[in-house]
Amino acid sequence: ELLVVISIIGLLASVVLVSLNTSRVKARDAKRLADIRQFRTALELYYDTNSQYPLSTGATSPNSGWSNSNDSSWTSLQTLLSAYVAKLPVDPKQSASGWAGSDDVFTYAFFDQGYGCAQQWYMIVYQLETASGPDPGVRACDGSFFQYGGSGANTKIKTVGISR
């Protein structure tokens, strides 16, 4: 009888742990979506004030760089957006290195250079832990279309942005 009770308790514990892990993944994905909304709001406030988006590397002239939440370029971008957001968000499961468009790399990436109208458009690339819906993609001013998550019905990598 004791072995049966122990087996039942072990089975229930494993079910609870699996459910808890699923809840954690969902919570991190919900935080990512909230982070991206907050980031986009700060970008729009910056645009309203400056009639352009901030340079993605925090430089003083356009170039072809990206800002990534897992390197020092994020600090430069944070400085530019400090009037609109207290602290730029970072992925809740932040990867030490790598780019958001790579499988299982959890970071936020921001780009707004070239493609017909530097600082008049932007894209943000990030990754969810659970594939959910298509990657909406973003079209640059010159018509170039970016969709790093691909065109599938359910993708983990998301590309969002705006073109003016």
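Helix axes are here lines fitted to C-alpha atoms over the stretch in contact, with angles running from 0 to 180 degrees between N-to-C directions. With that convention in place, the tour of this predicted model can begin at a pair of helices.

**Stop 1: the α1 and α2 pair**

Select α1 (2-50) and α2 (73-81). Their axes come within 10 Å and cross at roughly 55 degrees. Because that angle lies neither under 35 nor over 145 degrees, nor between 65 and 115, α1 is oblique to α2. Next, show side chains where the helices meet: α1 contributes F39, A42, L43 and Y46, and α2 contributes W74, L77, L80 and L81. The residues of this contact comprise eight nonpolar, no polar and no charged.

**Stop 2: the largest nonpolar core**

Extend the selection to F39, L43, L81, F110 and I124, which touch the most other members of the largest nonpolar core, a set of 19 residues. Two or more residues of this core come from each of α1, α2 and β3 (121-127). Helix α1 supplies the largest share, six residues. In soluble globular proteins, nonpolar side chains tend to be buried together.

Now centre the view on L43. Which residues does L43 touch, leaving aside those up to four places away in sequence? Its partners are Y53, P54, L81, F110, Y122 and I124.

A second core, separate from this one, has 11 residues; select A109, C117, M123 and V125, which are among them.

**Stop 3: Q78 in α2**

Return to helix α2 and select Q78. Is Q78 buried or exposed? Its relative accessible area is 15%, and the limit for a buried residue is under 20%, so Q78 counts as buried. Display V85, A86, K87 and L88 as well: Q78 touches these residues, not counting those up to four places away in sequence.

**Stop 4: K156 in a loop**

Finally, move to the loop between β5 (145-146) and β6 (157-163), where K156 is found. With a relative accessible area of 28%, K156 is partly exposed. Beyond residues up to four places away in sequence, K156 touches D104, Y126, Q127, L128, E129, T130 and A131. Zoom in on D104, whose side chain makes a polar contact with the side chain of K156 at 3.2 Å. To close, draw a C-alpha to C-alpha distance from K156 to Q119: the two are 27 Å apart in space and 37 residues apart in sequence.

How values were computed. Residues are numbered from 1 along each chain as its sequence is written. This is a predicted model: local features need pLDDT of at least 70, side-chain atom pairs count only at pLDDT 80 or more; totals for chains, interfaces and linings use all residues. Side-chain values use heavy atoms; hydrogens and water are left out. A nonpolar core is a set of buried Ala, Val, Leu, Ile, Met, Phe, Trp, Tyr and Cys residues joined through side-chain atoms within 4.5 Å. Buried means under 20% relative accessible area, exposed over 50%, partly exposed in between (1.4 Å probe, protein chains only). Helices (H or I, at least four residues) and strands (E, at least two) are DSSP runs, numbered from the N terminus. Contact means heavy atoms within 4.5 Å. Ala, Val, Leu, Ile, Met, Phe, Trp, Tyr, Cys and Pro count as nonpolar, Asp, Glu, Lys and Arg as charged, and the others, Gly among them, as polar. A polar contact is a pair of N or O atoms within 3.5 Å; within protein, one must be able to donate a hydrogen and the other to accept it, and residues adjacent in sequence count only if both atoms are side-chain atoms.
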